[in-house]
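Reader: I'd like to poke at the labels people put on models like this one. Can we go through them and see what backs each one up?

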Amino acid sequence: MTFKNKSANADKLVKYGFEQMGGKFHYQTTIVDGQFSMTVIVDDEGEISTELYDAVSEDVYTLHLVETAVGAFVGRVRAEHEEVLRNIEQSCFDRDVFKQDFTREIINCALMKYGDEPEYLWNDLPDAAVIRRKDTQKWYVLLMTVLPKRLGLSGDEPIEIVDLRFNPDELPSKIDGERYFAGYHMNKKHWITILLDGSVPLAEILDYVDKSYLLAKK
């Protein structure tokens, strides 16, 4: 199994208690008042597997994986097994929503230059994140994955975009409907949307990120 839109963080895994063996990370704990030994394995692709053993007989236990299995005991095993995985997901895995190199560069730039990390604020919009200034709490970056038709473009494959604050006096002359658009989901007089498919040079986008950061100071 894998956690959707999540990637394993090796440092966090080790801090949590995982041990690296043969290119994989192993973690062992007990559940159901020590009746079962549970091993969690995370491989180099972020794939997760688990093993449950009866602490006394050392027999493998798999009934919790059978959806039709019911009863108080198997229900408890299943619930505690899932709780261990939820804790590991929250503690050891990072969001990995965006796939484009340019999107990742924007996130890295905001972190390295300003110490700001993306925030995923909406459960119904898992493919959207904002980055804000610490002092004013104002957003200066909005990253999203949208369908091309939302911008009036053709194609069926989702695309990644960034919304940035922009000088309103310069905005009309910059919008071309191909690479630059009036702010999607934002104030169209003060925000610009830029495609992150490589059609706009990365250096230019990062320069606009810096300018957006300054505009968020007010």
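Author: Sure. Keep in mind that the model is predicted. Let's start with serine 212, which is found in helix 5, residues 202-215.

Reader: What makes serine 212 count as buried?

Author: Buried means under 20% relative accessible area. Serine 212 has 0% relative accessibility, so the label fits. Leaving aside its neighbours within four places in sequence, serine 212 is in contact with Tyr140, Leu164 and Arg165.

Reader: And which residues of helix 5 are buried?

Author: Ile205, Leu206, Tyr208, Val209, Asp210, Ser212 and Tyr213 are buried in helix 5. They pack against helix 3, strand 8 (139-146), strand 9 (159-165), helix 4, strand 10 (180-182) and strand 11 (191-195).

Reader: Helix 4 came up there. Why is leucine 171 called buried?

Author: Leucine 171 lies in helix 4, residues 171-174. Its relative accessible area is 3%, and the cut-off for buried is under 20%, so leucine 171 is buried. Apart from neighbours within four places in sequence, leucine 171 touches Phe166, Lys188, Lys189, His190, Trp191 and Ile192, in the sense of being in contact with them.

Reader: How far apart are leucine 171 and leucine 65 in space?

Author: C-alpha to C-alpha, the two are 56 Å apart, with their positions 106 residues apart in sequence as the separation.

Reader: Now helix 3. How do you know that its span agrees with what is expected?

Author: Helix 3 has 14 residues, which at 1.5 Å a residue should span 20 Å. The end C-alpha atoms are 20 Å apart, so the span agrees. After helix 3 comes glycine 115, whose phi is positive, near 70°.

Reader: What puts the buried residues of helix 3 on the same side?

Author: The buried ones are Phe102, Thr103, Ile106, Ile107, Cys109 and Ala110. They cover an arc of only 155° around the axis, so they sit on the same side of helix 3. The face turned away from that side carries the exposed residues Asp101 and Met112. Among the elements covering the buried residues of helix 3 are strand 7 (128-132) and helix 5.

Reader: Same game for helix 2: why are its buried residues said to be on the same side?

Author: In helix 2, Val74, Val77, His81, Val84, Leu85, Ile88 and Cys92 are buried. Their arc around the axis is only 90°, which puts them on the same side of helix 2. On the other side, Ala72 and Gln90 are exposed. The partners that the buried residues of helix 2 pack against include helix 1 (10-16), strand 3 (24-31) and strand 6 (93-95).

Reader: On to the pockets. What lines the largest pocket?

Author: The largest pocket has a volume of about 470 Å³. Of its 16 lining residues, the closest to the centre are Asp94, Arg95, Ile107, Pro118 and Tyr120. Helix 3 gives the largest share of the lining, four residues. By class, the lining has six nonpolar, three polar and seven charged residues.

Reader: And which residues line the second largest pocket?

Author: Met1, His64, Leu65, Glu67, Arg78, His81, Glu82 and Leu85 line the second largest pocket. About 150 Å³ of space lies in it, and its lining has three nonpolar, two polar and three charged residues.

Definitions and conventions: Residues are numbered from 1 along each chain as its sequence is written. This is a predicted model: local features need pLDDT of at least 70, side-chain atom pairs count only at pLDDT 80 or more; totals for chains, interfaces and linings use all residues. Side-chain values use heavy atoms; hydrogens and water are left out. Buried means under 20% relative accessible area, exposed over 50%, partly exposed in between (1.4 Å probe, protein chains only). Helices (H or I, at least four residues) and strands (E, at least two) are DSSP runs, numbered from the N terminus. The arc is that of the directions from the helix axis to the C-beta atoms. Contact means heavy atoms within 4.5 Å. On a 1 Å grid over the protein atoms alone, a cavity is a set of points where a 1.4 Å probe fits but cannot get out, and a pocket is an open set with protein on both sides within 12 Å along at least five of seven lines; lining residues have an atom within 4 Å of a point. Grid points are joined across faces, edges and corners, and a volume is the space filled by probe spheres set on the points. Ala, Val, Leu, Ile, Met, Phe, Trp, Tyr, Cys and Pro count as nonpolar, Asp, Glu, Lys and Arg as charged, and the others, Gly among them, as polar. The expected span of a helix is 1.5 Å times one less than its number of residues.
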